[in-house]
Amino acid sequence: MKIYSQDTKKRISVLAIIILSVFGTTSVDAQTDNANTGPNSVFVKDAVKKTFEQNASPLRNYLFSRREALIKLQSLPSEELQAVTLEARTTAEQRSGLRRMRIRGFQIISDSGTDFAGYNVGPGSPESQVAIIASDLADSYLNQAALRNIPVDSLRLEIINRPDAAPTNKVNYPRNFLYTAYIKSSADDKQLEELRKAAEANSPIFNFILKPQVVTGEIDYTRTPDKLVIPEGGQPGLREYLKYKRAAYLHLQEEGKKREEERKKNPSLANNENRNPLVVTVNNNGVRQLQIRQFRILHDNPAYLGGSDLGPTSQEHQLGVLTSCLTHIFLIQAAARQVPLDSLEVNVKATSDIRAGRSGFENVPGYPYGIHYTVHVKSPATYEQIKVLRDAVEAVCPIYNLLKDEQTIEGRIVKIGD
């Protein structure tokens with residue numbers, strides 16, 4: 001699908017436009033303290049370039065090229081643009097139960113630890129979700145620094161989720177976020193504080209998480225034979241995996257009860273549980289490295305915007321982590337309820353519109369909306385059993401409920417060096 005209307009003379013790839021939606025709605029003629037210092041003011045191009053090239057920082061130079069791309073895009077009229085559909089899907093891989101996430105040409109593996117019938121070959125959905133928020137914020141910091149001529153020589157974000165004093169529901173998911181942006185810059189404190197506010201105001205995922213989202217779903221069901229026949233030389237599939245998943249589930253349930261009893265006796269234990277911050281580091285070419293325990297995932301922009309297209313965007317990965325989490329909870333609930341499954345895949349689609357906030361599009365969200373998932377399931381169970389299973393999944397799925405609820409995110413900047 002093209003984001004441009006048919007009569008436009010300028011053609012930019014769909015991928016480029018998807019990425020450009022992370023730039024937010026800040027206009028190139030945004031107001032500043034002095035009209036002569038606005039991003040689209042009387043600043044001479046060479047003078048702006050000099051601002052970024054001071055000290056010859058590679059990231060500073062990259063910001064100059066990003067600024068040019070942003071201003072070029074924002075100068076395009078709204079009639080030449082249109083909304084696009086973002087997609088992601090996750091498949092449960094047969095006997096291993098690995099969740100294979102696919103976003104365009106990219107693949108991310110999500111997995112459980114060995115204590116939950118997994119192999120620990122990829123991060124889990126909740127921890128990935130936290131890192132995605134930081135990645136999108138980091139990208140928004142770069143965008144707003146570029147537009148405001150704020151030199152940045154290095155940028156790293158750390159983010160944690162803090163325990164709530166009074167949780168509003170019983171679904172266990174990360175919440176109450178706190179991020180810290182470590183920035184090396186010659187800008188003063190006032191400029192950096194303005195940068196923080198602008199980055200938060202224009203980060204799609206930051207605002208996506210703050211507001212309750214509507215997520216709808218449907219079931220694509222195929223009935224399979226009650227008796228499973230494994231071809232000679234073949235491997236057992238999900239039915240076999242779910243046996244081990246059930247044993248692990250029951251064990252963890254018992255362990256969870258013991259921990260809950262300990263917390264009741266000593267409430268301070270809940271606050272002392274390990275919550276290591278997740279780290280996102282910005283490379284000199286704008287690529288964001290998400291470090292989740294021993295796993296590293298890249299988020300990137302396309303070549304059109306000075307990137308190398310080495311990974312999905314934050315918005316794409318956001319949909320991907322929703323599919324991964326739904327897939328995993330389907331497996332858990334199927335194991336707990338002894339509902340046999342032969343194949344499982346979850347697809348998610350949402351809409352992203354670069355025109356959000358422009359004249360005539362003031363009510364269009366600046367983040368993915370119209371989120372709809374489809375679970376493709378093959379099982380000898382009846383359709384009614386699968387519907388009950390789906391309802392149980394939605395009741396406890398961490399990312400599904402995180403998106404449906406209102407969240408809080410607090411941010412701060414720590415300036416490092418000069």
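Strands, labelled β, are DSSP runs of E at least two residues long, and helices, labelled α, are DSSP runs of H or I at least four residues long; both are numbered from the N terminus.

**Stop: the loop at R293**

Select R293. This residue sits in the loop between β8 and β9. Look at its backbone: phi is positive, about 55°, although R293 is not a glycine. Is R293 buried, exposed or partly exposed? Its relative accessible area is 40%, so R293 is partly exposed.

**Stop: confidence**

Remember that this is a predicted model. Colour it by pLDDT. The protein has a mean pLDDT of 86. Of its residues, 82% reach 70 or more. Now select residues 1-44. Here pLDDT stays under 50. For this stretch the model has 110 contacts beyond four places in sequence.

**Stop: the sheet from β9 to β12**

Move to the strands beside R293. Strands β8 and β9 flank its loop, and they belong to an open sheet of six strands. Select the strands in sheet order: β9, β8, β7, β4, β5, β12. The pairing is mixed. Which strands form the edges? They are β9 (295-299) and β12, and each pairs on one side only. From one strand to the next, the twist averages 20°.

Now add helix α4, residues 125-147. This helix packs on the sheet. It touches β4, β5, β7 (278-282), β8 (288-292), β9 and β12. The direction of α4 makes about 145° with that of β4.

**Stop: strand β5**

Keep the sheet and select residues 177-184, strand β5. Seven of its eight residues are buried, so β5 is largely enclosed by the rest of the structure.

Look at its partners:

- Strand β4 (residues 154-161) pairs with β5 in the antiparallel sense, over eight bridges.
- Strand β12 (residues 409-415) pairs with β5 in the parallel sense, over seven bridges.

Pick L178 in β5. I160 stands opposite L178. L178 also stands opposite E410 in β12. Then pick T180, whose bridge partner in β12 is R412. As you step along, keep a rule in mind: in a regular strand the side chains alternate between the two faces of the sheet.

**Stop: the nonpolar core**

Show side chains. The largest nonpolar core has 89 residues. Which members touch the most others? They are L155, Y179, I209, L322, L341 and L344. You have already met the helix that gives the most to this core: α4, with 12 residues.

Centre on I209. Leave out residues up to four places away in sequence. What I209 touches then includes Q129, I133, F177, Q318 and I409. L402, L403, D405 and Q407 touch I209 too.

**Stop: N401**

Next, select N401, in helix α11 (residues 398-404). N401 has 11% relative accessibility, so it counts as buried. Leave aside neighbours within four places in sequence: N401 is in contact with V171, Y173, E394, A395 and V396.

**Stop: the sheet from β3 to β6**

Now go to another open sheet of six strands, ordered β3, β2, β1, β10, β11, β6. Its pairing is also mixed. At the edges are β3 (106-110) and β6 (215-223), and each pairs on one side only. Neighbouring strands are turned by 20° against each other on average, direction ignored.

Zoom in on β6 and β11 (residues 369-379). They run parallel and are joined by nine bridges. Select Y221: its bridge partner in β11 is V377.

Then find Q94, in the loop between β1 (84-93) and β2 (98-103). Its phi is positive, near 40°, and Q94 is not a glycine. With a relative accessible area of 35%, Q94 is partly exposed.

**Last stop: helix α9**

Select residues 314-337, helix α9. This helix lies across β1, β2, β3, β6, β10 (343-352) and β11. It runs at about 35° to β1. Of its 24 residues, 22 are buried, and α9 is mostly covered.

Why should α9 span 34 Å? It has 24 residues, at 1.5 Å a residue, and its end C-alpha atoms are 34 Å apart, which agrees. Finish at Q338, which follows α9 and has a positive phi near 55°.

Technical notes:
Residues are numbered from 1 along each chain as its sequence is written. This is a predicted model: local features need pLDDT of at least 70, side-chain atom pairs count only at pLDDT 80 or more; totals for chains, interfaces and linings use all residues. Side-chain values use heavy atoms; hydrogens and water are left out. Buried means under 20% relative accessible area, exposed over 50%, partly exposed in between (1.4 Å probe, protein chains only). Two strands pair if DSSP finds at least two bridges between them. Contact means heavy atoms within 4.5 Å. Axes are lines fitted to C-alpha atoms, for helices over the stretch in contact, and angles run from 0 to 180 degrees between N-to-C directions. The expected span of a helix is 1.5 Å times one less than its number of residues. A nonpolar core is a set of buried Ala, Val, Leu, Ile, Met, Phe, Trp, Tyr and Cys residues joined through side-chain atoms within 4.5 Å. pLDDT is the predictor's confidence in each residue, from 0 to 100.
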